[in-house]
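Me: Hi! Could you walk me through this model, starting with how you define a bend?

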Amino acid sequence: MELPDDGLRVEGVSFAVREKAILRDVSLSASPGKTTALLGPSGCGKTTLLRVVAGLERPDRGSVWFDGDDVTGVPAHRRGFGMMFQEFALFPHLDVEGNVAFGLRHQGMSGGQRRDRVTELMELVGLSGYERRRVETLSGGERQRVALARALAPQPRLLMLDEPLGSLDRGLRERLLVELRGILRRLNVPTLYVTHDQMEAFALADRVAIMDAGRIVREGTPAEIHGEPRTEFVARFLGMENLVAGTCEGGRLRTPVGEWCGLPAHTGPVLALLRTEDAELVAGPGGGVVTGELVSRLFQGTRTRVAVDTAAGRLEFELPGSANLPPEGEVLHVQVPHVQVVERAVAAADG
Amino acid sequence: MDEGRAPVAALTPGSPLPQGRARGRPRFAGAGPALLLLAAPGVFLALFLLYPLQGILRESFFREGTSLDDLHPLVDGTFYLERAWFTLWQAAASTALTLALALPCAWALARHDFPGKSLLVAVATVPFVLPTIVVAVAFTALLGPQGALNSFLQWAFNLDEPPVDLLNSIWIILMAHVFYNFAVAARIIAAYWAKLDPRMDDAAAVLGAGRVERFLRVTLPLLRPAVLAAASLVFLFCFTSFGVVLILGGSSYGTIETEIYRETVFLFRLPVAGVLALLQAAFTFLVMLVYARLAGTSPAGTFRGTVARRTSHGERWAAVAVLGAMLVLTLLPLGALVERSFHGAGGYTLEFYRALGENTRKQALFITPLTAVRNSLTFAGLTVLVAVPLGTVAAYGARRAGRAGPWVEAVLLLPLGVSAVTLGLGFLVTLDRPPLDLRGTWLLLVVAHTLVGYPFVARSVGAQLRGIDPRLREAAAVMGAGPLRVFVEVDLPLIWRGMAAGAVLAFAVSMGEFGATLLIARPEWATIPIAVFRYLGQPGALQYGQALAMSTILMAVTGAGFFLIDRLRYRELGTF
Amino acid sequence: MWKHVFLTAVASLALVATAACGDDGGNDSGGGTLTVITHDSFNISRELLEQFEKDNNVTVKLLPKGDAGAMLTSVILTKGNPEGDVVFGVDNTFLSRALEAGIFESYTSALIDKVPGDLREGIGDKVTPVDYGYVNLNYDIAALKKANLEPPKTLDELTDAKWKGKVVVENPASSSPGLAFLIATVDYFGADKYLDWWKKMRANGLVVVDGWETAYNTNFSWKGGQQPIVLSYATSPAFEQMYAEPAREDSPTGNILPPKGAFRQIEYVGVIHGTSHQKLARKFVDFLLSKAVQEDVPGQMAVYPVNKDAAVPPAFEKFSKVDVAPAKVAPADIAKNREKWIDEWTKAVLR
């Protein structure tokens with residue numbers, strides 16, 4: 001992975017609490033103007049990594065660099081970073097203006113200048129006029145925006161967001177996602193975005209790092225990762241469940257549900273991912289065709305999701321909406337043009 | 001959204017409601033249910049506080065031959081004004097000092113867990129219960145001219161005269177007040193602090209605030225309700241302080257409470273005493289009103305969930321240092337007392353303890369320590385049995401009273417501000433004929449102890465009640481539970497910690513109660529403080545040593561009692 | 001948790017039951033109960049009391065009510081419905097208040113002739129003297145020797161610089177011995193000169209505390225305090241020898257007894273007006289004057305018996321002999337001027 005010289009660079013960070021390892025040898029980067037998402041299930045250590053970057057925890061091993069300087073030993077309040085916390089952590093004893101202006105104390109601004117900055121930020125997040133409001137009277141979406149404004153006010157060199165949309169309901173989340181993306185584009189600071197939601201990460205980030213049990217298991221652009229999960233964990237995490245055991249020999253993949261060719265680099269037993277892109281309904285069995293019993297179908301306009309019971313278990317595909325499906329319980333044949341090999345997940349206790 | 005959280009927990013307080021509406025009031029607030037609930041504590045107060053009070057006040061103001069002239073001493077010169085002023089400022093100074101000590105202790109207790117924590121807290125709360133006579137002896141044993149500190153300094157620096165002279169100074173009064181109260185203040189603040197979301201501190205740090213700035217701009221304002229609640233309580237205790245000022249301060253220092261005693265018992269100028277008692281009660285009512293208002297707020301942004309978080313070595317050492325200081329402050333005077341109880345003229349000995357069991361002078365009014373301990377425990381146990389239900393009902397009533405809540409609470413807390421002497425005499429004067437002929441019965445003693453004990457239960461339970469989401473009750477009701485079942489299955493599991501916390505303090509207060517008990521108790525029910533008082537009142541080294549031995553027993557018994565009751569609450573320090 | 005609650009409840013009830021069943025006093029001999037109200041310093045030999053109970057077929061209930069002032073106040077306030085039949089412990093400084101309140105009824109014991117005339121002056125027939133003591137200054141023998149000071153022979157000496165801060169007295173406004181000594185100084189110096197002495201004492205570092213317990217147990221140097229001269233009783237030195245641990249032949253303290261430098265405090269017993277056990281109450285008064293009780297009294301309460309036939313312990317003779325004339329002020333004068341003297345004293349010494 002490329003480790004550029006400007007922006008954020010995390011190198012080999014390990015962190016343990018009372019003998020339990022939370023982070024294991026983690027390295028990643030975030031460049032100015034780009035958003036890096038930390039994606040992973042709950043408990044994988046992503047929030048802890050964020051805290052290490054923020055300076056709220058000191059790593060046992062490894063270092064944190066920013067713009068070429070080693071900031072590992074610098075305490076949190078001197079790093080000049082900005083952070084938006086899960087559930088926002090707004091100060092209840094201050095009003096909105098008090099919250100947003102909190103970090104401006106040290107910037108050498110006069111009272112009037114501070115107020116102007118607050119107004120500017122309120123406009124940015126779309127909450128003009130909210131300055132005097134008390135925190136407990138705000139709705140979830142409003143709080144999120146105040147938290148963002150607060151983090152941005154002191155013009156941080158790095159922005160960190162910890163599940164910023166996590167406690168909001170679905171409709172709100174999608175709406176705010178779009179707004180957030182717009183705001184992040186306009187700033188030119190490196191951004192670290194922590195979430196467990198794949199859709200959010202892929203929608204917002206330029207690079208995505210997937211974490212599992214304290215390690216980064218996959219890193220790349222959303223397109224790269226989505227196009228090539230490479231491991232069973234990542235595939236499952238992204239919702240790709242069509243994983244079938246098979247054998248590869250001389251470029252030919254043989255599985256209980258079908259055969260494919262064109263996979264030169266592997267031999268021996270493998271785990272194959274049957275991708276749903278470009279899957280089509282065909283009349284009968286053949287190479288690269290999965291045959292099974294139609295269990296359920298869900299019509300969604302432009303596509304139809306089908307679940308098929310096969311010799312390798314239940315597989316799901318998205319077929320064009322116009323596909324002419326047999327009735328449920330009947331046999332159908334799906335042509336699967338894209339198949340990839342993924343690494344099996346190792347059931348290890350301590351990696 | 002938040003994976004793995006049980007549905008009930010999702011309804012805990014502080015969860016942001018979707019539309020951001022402020023947490024609503026309980027649905028069933030209203031005059032009807034409130035009055036019904038307040039009937040029990042109301043009747044209790046009316047019979048055993050207001051009725052005796054009006055009796056003694058009537059005697060004070062309307063006896064034959066009393067006229068307005070009798071109030072003349074109050075306005076003759078500035079004596080009473082000065083006393084009132086002294087009462088006020090020594091209470092304020094004591095409170096400030098207590099808080100200065102309690103805050104670091106609260107920090108250490110709230111943010112760190114370690115083995116032996118509940119033992120430490122139990123030991124630190126023991127001073128609260130000691131009769132002031134015992135405290136006076138302990139401080140003398142530590143700080144007197146022949147006490148431990150001076151002996152040590154004289155030995156270490158080869159001095160002729162004892163260098164430390166603190167007896168009869170304002171400093172010793174302040175120190176004794178701090179000694180008594182800091183643990184209670186620390187408990188109140190710690191319980192609150194433990195519930196604050198630590199992420200707010202993190203947010204402030206990332207925003208550029210250093211340690212001190214974070215404490216001043218974020219933590220302290222957030223702690224304000226608890227700090228003010230603790231402050232008002234400590235202020236009240238110091239304001240009505242009697243024994244400490246009387247014994248340790250010498251005659252130059254007097255508070256309104258000591259003046260009431262003097263005027264009533266020594267000078268027999270009842271009208272003057274009556275006016276002073278009224279003034280004191282009114283003032284403490286105001287303080288209680290402020291306290292009730294402030295202690296009502298739950299911490300906003302209650303912390304849930306876990307974040308892998310490490311305390312730095314530096315922080316841990318600081319916590320150890322603070323807690324060490326707390327232990328030392330508590331144990332030094334107590335230790336001095338215990339040491340003296342084993343130290344006869346000829347070296348270390350068990351004779352005082354042995355002598356406790358022997359009626360060396362064949363006295364008619366002899367109390368064995370076992371009897372005294374048994375009596376103390378019995379009355380404390382009975383007090384807890386009555387105070388817990390009474391206090392709980394009172395807490396519910398205050399809660400349902402809606403707007404008038406703080407006023408109701410201030411009234412319920414009134415017994416804490418009424419002079420013990422006045423109340424004791426009130427009992428003698430009014431509760432002496434049927435249907436309330438309680439004079440001379442042990443019931444009266446339980447009543448007296450409950451009066452000053454149940455407010456603690458009411459406060460603890462009240463604090464917990466505020467934290468219960470009304471939707472939990474609604475959910476239970478929808479599932480078919482009647483009000484009683486709702487109480488037993490929803491409320492009780494959530495408030496029993498508050499009940500236990502209040503029970504500890506009610507137990508403590510009962511064990512240490514002395515003023516009213518002296519006036520209404522029969523010798524066969526003498527409690528440990530009374531036994532100590534009797535021993536101290538008799539000349540002779542043996543009697544003095546026995547007093548010390550008895551005090552040590554009192555400390556051991558109460559410490560054990562605290563520890564046991566505290567265990568019921570496991571990790572929590574006790575909401576108050 | 002319920003287990004704990006249940007166990008606590010059961011334990012408490014068990015305790016209550018044992019408390020109710022326990023009997024520390026005498027048996028209920030079925031002949032009625034005589035309630036004797038006293039102060040907290042009262043004590044008497046159990047055998048003697050049991051003898052009285054047997055002889056009169058009565059149970060005697062002792063009711064201590066705090067110090068003498070608290071006791072008297074509670075008796076006066078409960079005059080309409082008294083708590084007891086007999087009151088012991090009113091002394092000659094409080095007598096006027098008691099007589100004014102009319103709480104006693106007349107009774108002259110047959111044994112009154114055993115009481116010297118001067119002890120009966122001015123008291124009428126409502127109360128009977130039982131014991132007396134002297135209030136005067138004591139000194140710590142060892143401490144004075146160490147400081148190279150001779151015990152003073154007059155009160156005037158104490159205003160000397162060498163006695164600065166070495167004297168502790170009790171506040172006459174709140175302490176019975178304090179008041180007694182104040183009255184003594186009125187007689188010693190004269191009503192117009194006594195304040196001067198007190199003012200000089202104040203300038204000489206006089207320590208004033210509120211009660212005898214504090215002065216003796218906390219401030220007196222023999223007990224660990226700082227003042228080698230304390231206002232106490234003439235019998236205190238004897239008591240120190242009698243109850244010394246370990247035993248000693250001499251007394252560690254001594255008396256300062258200039259003529260009129262001690263106040264004679266006489267304690268009385270009286271039959272409460274309106275008692276329903278008049279005969280028994282009178283018998284109790286006689287009992288208190290009997291030789292047996294009079295010889296018990298010194299050891300129990302550190303006082304001298306009024307009955308001239310009664311013997312005093314040898315230690316009293318050796319260490320607490322008073323052969324100077326005590327200060328003499330009539331109870332009527334005390335009644336008239338007490339408040340004035342206390343006020344004047346407080347203004348001179350405390351304010």
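Reply: Happy to! The bend at a residue is the angle between two fitted axes, one for the seven residues ending there and one for the seven starting there. With that, H4(B) has a kink of about 25 degrees at B:Ala102, shortly before the proline B:Pro104. Helices are DSSP runs of H or I with at least four residues, and strands are runs of E with at least two, numbered from the N terminus.

Me: What kind of model is this, and how are things numbered?

Reply: This is a predicted model, where local features need pLDDT of at least 70 and side-chain atom pairs count only at pLDDT 80 or more, while totals for chains, interfaces and linings use all residues. Residues are numbered from 1 along each chain as its sequence is written, with chains lettered from A and ligands numbered from 1 in the order in which they are written.

Me: How far apart are the end C-alpha atoms of H4(B)?

Reply: They are 47 Å apart, which agrees with the 48 Å that its 33 residues should span at 1.5 Å a residue. The expected span is 1.5 Å times one less than the number of residues.

Me: And what about H10(B)?

Reply: That helix, residues 211–239 of chain B, has 29 residues, but its end C-alpha atoms are only 34 Å apart, short of the 42 Å of a straight helix. H10(B) has a kink of about 60 degrees at B:Arg224, shortly before the proline B:Pro225.

Me: Back to H4(B): at what angle does it cross H14(B)?

Reply: Roughly 125 degrees, with the axes coming within 9 Å. Axes are lines fitted to C-alpha atoms, for helices over the stretch in contact, and angles run from 0 to 180 degrees between N-to-C directions. The two helices are therefore oblique to each other; under 35 degrees would be roughly parallel, over 145 roughly antiparallel, 65 to 115 roughly perpendicular, and the rest is oblique.

Me: Which residues meet there?

Reply: B:Pro104, B:Cys105 and B:Ala108 in H4(B) meet B:Ala319, B:Val322, B:Leu323 and B:Met326 in H14(B). Contact means C-beta atoms, placed from the backbone, within 7 Å. By class, the residues of this contact are seven nonpolar, no polar and no charged. Ala, Val, Leu, Ile, Met, Phe, Trp, Tyr, Cys and Pro count as nonpolar, Asp, Glu, Lys and Arg as charged, and the others, Gly among them, as polar.

Me: Switching to chain C, how do H7(C) and H13(C) pack?

Reply: Their axes are 9 Å apart, at an angle of about 30 degrees. That makes H7(C) roughly parallel to H13(C). The contact is made by C:Leu195, C:Trp198, C:Lys199 and C:Arg202 of H7(C) with C:Glu344, C:Trp345, C:Ala348 and C:Val349 of H13(C). Those residues divide into five nonpolar, no polar and three charged.

Me: Last one: which chains have the most contacts?

Reply: Chains B and C, among the two pairs that touch. No contact joins chain A and chain C, whose closest C-alpha atoms lie 31 Å apart.
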